Amino acid sequence: MANQTSELVLVNGLIYTMNTDQPWAEALAVVDGRLVAVGNEKDARAAVSADAKVVDLHGKMVMPGMIDVHSHFLLAGRAELYDVNFLPTTKLDQIIEMVRAAAKERPLDRWIVGGIWGSNMLDQLTYEARLRLDEAAAGRPVMLRDDSHHNRWLNDAGLKLCGIDKSTPNPPNGTIVRCPETGEATGLLLETASALAESAVTKALAEEPELDVAAAVHAIKRMNACGITGIQDALTARMVMDAIKSVADRGQLTCWIVGSMPVLEGPLSAEEWGKDLFALRDSYRSQYFRPEFGKIFLDGVPTTRTAAMLEPYLADDLHGCCFRGATFLTVPQLAREIAACEQANLSVKIHCTGDGSVRVALDAFEVVRSFNGGNRLHQIAHAGYLHDDDIARFKALNVAADLSPMIWFPGVIVEQLNSVLSPERVTRSYPNRDMEAAGVLLAVGSDWPVVPDPNPWFSMQGIITRRDPSGEFPGEMWPEQGLDLATALRAYTIGPAMAMGLQSETGSLEVGKSADFIVLDRHLFEIPVDQLAQTQVLQTYFAGNVVHEVGA
C-alpha cells in the first residue's frame with residue numbers, strides 16, 4: 001500500500017454506488033485513499049488538485065468492492081499452495097492415487113493435507129479404505145477434509161500423531177468412527193473430533209510461520225482478483241491473527257478483515273479461545289483488521305445428521321425413525337455465551353445449519369435482549385433451513401443472515417442431503433426472498449475453502465437463478481426464492497459491510513468512505529442473468545490503490 005496514489009479522478013463511467021440516495025454517478029474522486037466526490041465529472045475534478053491522476057473509464061461499469069462475510073481465507077491459501085487438492089466429485093480410487101503421488105515428494109515426517117472429499121463418500125471411508133490410505137502414504141501422516149470442513153479422514157500415522165487409539169474417548173459433540181468388530185479407528189473423525197487432527201497439523205505448521213504468511217497473501221490476492229475488498233474470517237484462531245498481523249505489518253493487507261474469534265474450544269481453537277483470546281485482540285488490531293466478533297458452533301451439518309432439525313431425518317438403522325439431531329448448547333447456555341461476548345464488546349456469529357439450531361439461536365438472542373437490553377447486531381451463519389415462524393424474528397432481534405449460496409446449488413452436498421432428508425425438505429432451503437421481504441439484513445459469503453473458489457460472480461448467478469451456474473448438476477432449488485439483481489448486489493456489498501460493522505468505511509461509494517471499488521468488463525444490468533458467472537473484474541481498487549489489474 002506504500003505506492004498509493006494520493007489524488008485520483010475516474011471519469012466517463014457507469015458507477016453503481018449502492019447509495020440509495022444517489023444510485024448512479026459518472027465520476028468519482030479520491031484523496032489519500034478516501035472518496036471526496038461521487039457524482040459528475042465537474043464536481044469530481046473540482047475536489048482534487050490540477051495534477052491529480054485522471055482515469056478515463058470509457059463507459060465501463062464500476063461498483064463497490066465485493067465483501068465476503070464468511071471466509072476461511074488462511075485455510076484456503078494453505079490449501080491452494082500446499083495441499084493435495086481435488087473436487088468433491090473425485091472418486092476414492094483417484095484420491096488414493098493422489099495421496100500416493102504426494103507421498104513421493106514429502107519427507108516421512110511431513111503431513112499430507114488435502115481435500116475436499118464429497119459428503120456422499122461417508123459410507124465408503126471404512127477401515128479397509130483406511131488401510132489403502134496407509135499403504136499409499138507409506139508412513140506419512142495424512143489428513144483429508146470433507147466438503148463441509150466439519151469432518152476429516154486420517155490414515156494410521158495421522159491418527160497416532162493425534163494421540164488417537166482404541167482407548168481414546170469421543171470428545172463432546174464429536175465422533176471417532178470405529179470398526180464395529182475390532183474397535184479400531186477407521187480414520188473418519190466427525191464434528192469436534194476433527195479438532196484433534198487440526199490441532200496436530202497446526203502444531204506442525206507453527207514451526208514454519210512464513211508458510212501461513214505466504215498463504216494469507218496468496219488468498220488475499222486471489223480474492224482481490226475476484227473483486228473482493230472485504231472479508232469476515234469465520235473462525236479467527238490465534239494462528240490466523242498471527243498471519244494477519246504479519247501481513248499488515250508488511251503493508252500487504254489489501255482488504256478489510258473482520259475477525260471472528262472462537263468463543264469455545266473446537267476445531268482450530270484447541271490452544272486458546274474465549275476470554276483468553278479476546279484479551280489479546282487489541283495487540284492484533286490494525287488499520288484494516290478488526291477482531292470484533294466471537295464465533296460459536298451451535299450444531300454440525302445435515303449431511304452427517306449433526307445439524308439440529310425441527311423435523312426428523314429420514315429413518316436409518318443407527319438413528320431410528322424420529323431423530324432430529326441436537327444443538328451443542330441449550331438456550332440458557334448459549335444466552336450466557338452471547339451475553340459474555342456483548343460484555344466484552346463483541347458481536348457473535350453463530351453457525352446454524354438446521355432450522356432447530358436457528359430457533360435455539362433466536363431464542364437465546366431473545367433471552368439476552370430481555371435482560372441485557374441493547375440492540376447489538378449479531379449474525380446467524382448459513383441460515384439455510386428456517387421455519388416460516390422464525391423468519392421475521394431475524395429483523396425483530398437485529399440478527400443478520402450470513403448466506404452461503406454455493407452450498408445450496410444442485411451438487412454433491414445436495415445429493416448427500418437427499419439421502420438424509422426428504423426431497424421436499426432438501427429443496428425448501430434458503431428462503432432468501434421471504435427473508436428480504438421481511439426486512440432481514442442479507443449478507444453473502446463464500447465459505448471458501450468449503451467451496452473450492454471464492455468467486456462471487458458464480459454464486460451471484462446462483463442466488464438469482466437457484467441453479468448450478470456450471471451446468472454440471474441439473475435442476476433448480478426453490479426458484480421462487482431467487483433474488484433480483486439489485487437485491488443480490490446489496491447482499492454482496494453494503495449488506496455484509498453492515499453485518500460486519502464496516503458500513504461507515506466501505507460497502508458503498510459515498511464521500512468519506514474508503515475508495516474500495518471495482519471496474520467490470522460488462523454492464524450487469526444489461527446482460528442475461530445466466531452470463532453473470534462469466535463477469536471479469538478488470539481492476540480492483542482498495543483504499544484508492546490498484547490491487548488487481550488484468551494483464552498487470
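**Exercise 1. Find what joins the side chains of R130 and D134, and place the pair in its helix.**

Solution.
- The contact is a salt bridge, 3.2 Å from N to O. The term means a side-chain nitrogen of Lys or Arg within 4 Å of a carboxyl oxygen of Asp or Glu.
- Both residues sit in helix α4 (residues 127-137). Helices (H or I, at least four residues) and strands (E, at least two) are DSSP runs, numbered from the N terminus.
- R130 and D134 are 4 residues apart, so about one helical turn separates them.
- R130 is buried at 4% relative accessible area. D134 is buried too, at 18%. Buried means under 20% relative accessible area, exposed over 50%, partly exposed in between (1.4 Å probe, protein chains only).

The model is predicted: local features need pLDDT of at least 70, side-chain atom pairs count only at pLDDT 80 or more, and totals for chains, interfaces and linings use all residues. Residues are numbered from 1 along each chain as its sequence is written, and side-chain values use heavy atoms, with hydrogens and water left out.

**Exercise 2. Work out which parts of the chain R152 and E198 tie together.**

Solution.
- R152 and E198 form a salt bridge, with the closest N and O atoms 2.8 Å apart.
- R152 belongs to strand β12 (residues 151-154), E198 to helix α6 (residues 194-206). The pair therefore ties together parts 46 residues apart in sequence.
- R152 is buried, at 3%. E198 is buried as well, at 0%.

**Exercise 3. Describe the setting of the E272 and R238 salt bridge.**

Solution.
- The closest N and O atoms of E272 and R238 are 2.8 Å apart.
- E272 lies in the loop between β16 (256-262) and α9 (274-278). R238 lies in helix α8 (residues 238-249), 34 residues away in sequence.
- E272 is partly exposed, at 25% relative accessible area. R238 is partly exposed, at 30%.
- Elsewhere, salt bridges with shared partners join R359, D363, E366, D390 and R393 into one network.

**Exercise 4. Set these pairs in the whole chain.**

Solution.
- Count the salt bridges: the structure holds 34.
- Count the elements: 20 helices and 24 strands.
- Test compactness. The radius of gyration is 23 Å, close to the 24 Å of the globule rule for 552 residues, so the chain is as compact as a globular protein of that length. The radius is taken over C-alpha atoms; the rule is 2.2 Å times the number of residues to the power 0.38.
- Check burial: 59% of the 552 residues are buried.
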